[in-house]
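Please open the model in your viewer and keep the sequence beside it, since this tour moves from one selection to the next.

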Amino acid sequence: MKPWRKPKIFNLSNPIKSLMKLIFSFLFVVMYFMASAKTYYFSTASGNDSRTATEAQSASTPWKTISKLNSIFSTLQPGDQVLFKRGEIFVGTIVISKSGISTAPITIGAFGSGNKPVITSLVGLSSWTANSSYPGVQESALSSVVSSKVNVVLVDQKIQAIGRYPNFTDSNKGYLTLESHSGVTTITDKELSSSPNWNGGEIVIRTNRWTIDKSAITNHSGGTISFNAMEREARNTYGYFIQNHIQTLDKFGEWYYNPSTKKMAVYLGSNPSSYKVQVATLDHLLTSSNYSYITIDNLDFNGCNNTTVVFNGGTKNTIQNCSVANSGEDGILGSGTGFRVENCSVEDSYNDGIDVSKGNSAIVRSSIIKNCYTVPGMGQGGNGQGGGIRNCTGGLVEYNQVYNSGYVGIELGGDNSTVQYNYVENFAFIKDDNGGIYTSNGTNKTNTGRKVIGNIIINGIGAPEGTDSPGSSSADGIYLDDNTNGVELYGNTVANCNRGIYLHNTRSLVIRANTFYNSNNGQILMRHDNLGDPLRNHTITQNIFFSKILTQLTSSL
């Protein structure tokens with residue numbers, strides 16, 4: 001017997017022949033998966049989960065449920081497709097459990113005609129009972145909740161805020177003022193009454209201009225409220241409010257969920273049957289953990305209590321032509337390498353719209369993001385939470401539209417990241433001390449290859465309520481914060497902000513051919529303090545700075 005020898009894939013003596021062998025081998029693999037790929041169909045109306053896999057490969061004999069999909073997902077092969085019927089609603093969480101390959105991804109999409117298929121966890125409420133202790137409050141049992149906490153409630157298809165005291169429409173946007181605090185567990189407000197008692201609710205505290213934190217209340221006695229330890233201390237003379245308590249319900253649509261009784265209380269007045277009330281029951285609508293080459297196409301995700309679409313790790317995963325709405329936290333969260341979001345809409349996310357900040361070389365392109373972080377107390381606490389789009393190292397964010405982001409419009413990202421040709425309008429009205437486009441290095445490290453090009457940024461609103469400076473706001477068009485360096489700003493247009501561009505402890509920037517106008521406190525501010533290196537090595541050239549003019553033109557953009 002001849003000894004086994006490792007085959008030679010590439011013969012240096014005949015490179016053309018070897019290259020042709022590689023090409024033919026590649027084409028063979030592609031053609032193999034294309035020939036063997038299967039398509040599985042799902043329909044709520046005509047589906048039946050007892051059918052065989054062969055039967056489910058016909059649109060006339062589909063499977064029915066997301067549970068069935070999850071049970072067979074690990075048997076899928078590269079190139080396979082899973083198609084949901086358009087115009088139908090599917091309840092559940094899609095759990096990815098198999099990878100495709102670079103030449104043959106696994107695709108989850110749609111078939112038929114009409115609206116995109118809807119993936120949801122929303123359930124309708126009925127059988128209302130008036131609460132005798134709280135006029136206008138109606139209660140309904142909700143036994144189907146799987147989430148540990150309800151975050152999303154819709155009334156007539158519109159997302160509703162949890163009940164709070166004082167109301168957002170009250171003076172100072174509903175912030176009370178604390179006089180003193182003790183550590184990270186107690187605040188005192190001499191004007192707060194002992195009745196009503198807020199035990200069991202949540203306290204929400206404006207701990208900085210750029211952070212809002214919340215915690216469960218453990219004791220309320222007179223003007224003192226104690227709560228589980230927060231990450232940050234409260235700040236004296238800053239604001240707070242109460243939420244997640246049935247006694248806060250006094251405005252239409254406000255709600256409270258009692259997890260111990262599994263009852264939903266909603267302020268609906270005396271005729272609750274006139275309204276369609278829906279509640280999210282699951283945490284996520286799609287999850288993937290370290291799987292690769294998955295494509296999600298033409299689906300409508302609507303209503304969950306945490307992040308709607310989660311890709312944790314993996315390579316070259318894609319979500320395209322999809323709608324994501326009514327997310328209890330982030331709309332889309334993608335990490336790993338080469339994650340891509342394209343031609344999607346993300347609306348009504350209580351925290352971030354699209355977050356790819358923990359990934360590498362992500363692309364977010366041609367998408368519309370609306371209404372992120374618009375309700376204080378519903379988003380996540382901590383630094384940086386509440387962005388329309390959060391970019392990453394090597395990331396590309398381009399041709400997107402970001403409207404009504406309560407904090408940052410777009411966050412830049414690390415080395416070799418680009419933010420270009422985006423439109424950002426109305427930002428920083430829940431928290432401020434940030435920008436329409438923002439970045440901060442935190443630690444003092446050197447960055448390279450970062451670009452902010454051709455963006456339009458208008459209407460930095462500001463959020464002074466609940467701070468010790470209620471008459472001032474700090475919402476800048478482009479804000480490069482502590483130790484930012486290695487950024488080129490070119491061809492951007494900024495209007496109607498606190499400042500057009502704010503350079504705070506920055507160095508080694510190139511700023512050229514931008515237009516800044518109609519900002520309240522100057523078109524450009526460069527500042528250095530003890531938080532970073534001195535301002536140095538900046539090139540600022542060919543920019544156009546206007547004072548407060550062109551108001552009519554900018555308001556019509």
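Begin with an open sheet of four strands, which has the order 7-22-10-11 and antiparallel pairing. Select residues 122-124 for strand 7 and residues 158-159 for strand 11, and you have the edge strands of this sheet, each of which pairs on one side only. Bear in mind, as you go, that what you are looking at is a predicted model.

Next, select residues 153-155, which form strand 10, and follow the two bridges that join strand 10 to strand 11, with the two strands running antiparallel. Within this pairing, pick out Leu 154, which stands opposite Ile 159 in strand 11.

Now turn from the sheet to the enclosed spaces, for the structure holds two cavities of 30 Å³ or more. To find the largest cavity, which has a volume of about 50 Å³, select Phe 168, Lys 173, Tyr 175, Arg 206, Pro 376, Phe 429, Ile 430, Ala 463 and Glu 465, the residues that line it. If you colour this lining by residue class, the largest cavity shows six nonpolar residues, no polar ones and three charged ones.

Which residues should be selected to see what lines the second largest cavity? They are Ile 212, Asp 213, Lys 214, Tyr 373, Gly 377, Gly 379 and Gln 380, and the second largest cavity that they line holds about 30 Å³ of space. Coloured in the same manner, the lining of the second largest cavity divides into two nonpolar, three polar and two charged residues.

Definitions and conventions
Residues numbered from 1 in each chain as written. Predicted model: local features only at pLDDT ≥ 70, side-chain atom pairs only at ≥ 80, totals over all residues. Heavy atoms only, no water. Pairing = 2+ DSSP bridges. 1 Å grid on protein atoms, 1.4 Å probe; cavity = no way out; pocket = protein on both sides within 12 Å on 5 of 7 lines; lining within 4 Å. Points joined across faces, edges and corners; volume = space filled by probe spheres on them. Nonpolar A, V, L, I, M, F, W, Y, C, P; charged D, E, K, R; others polar.
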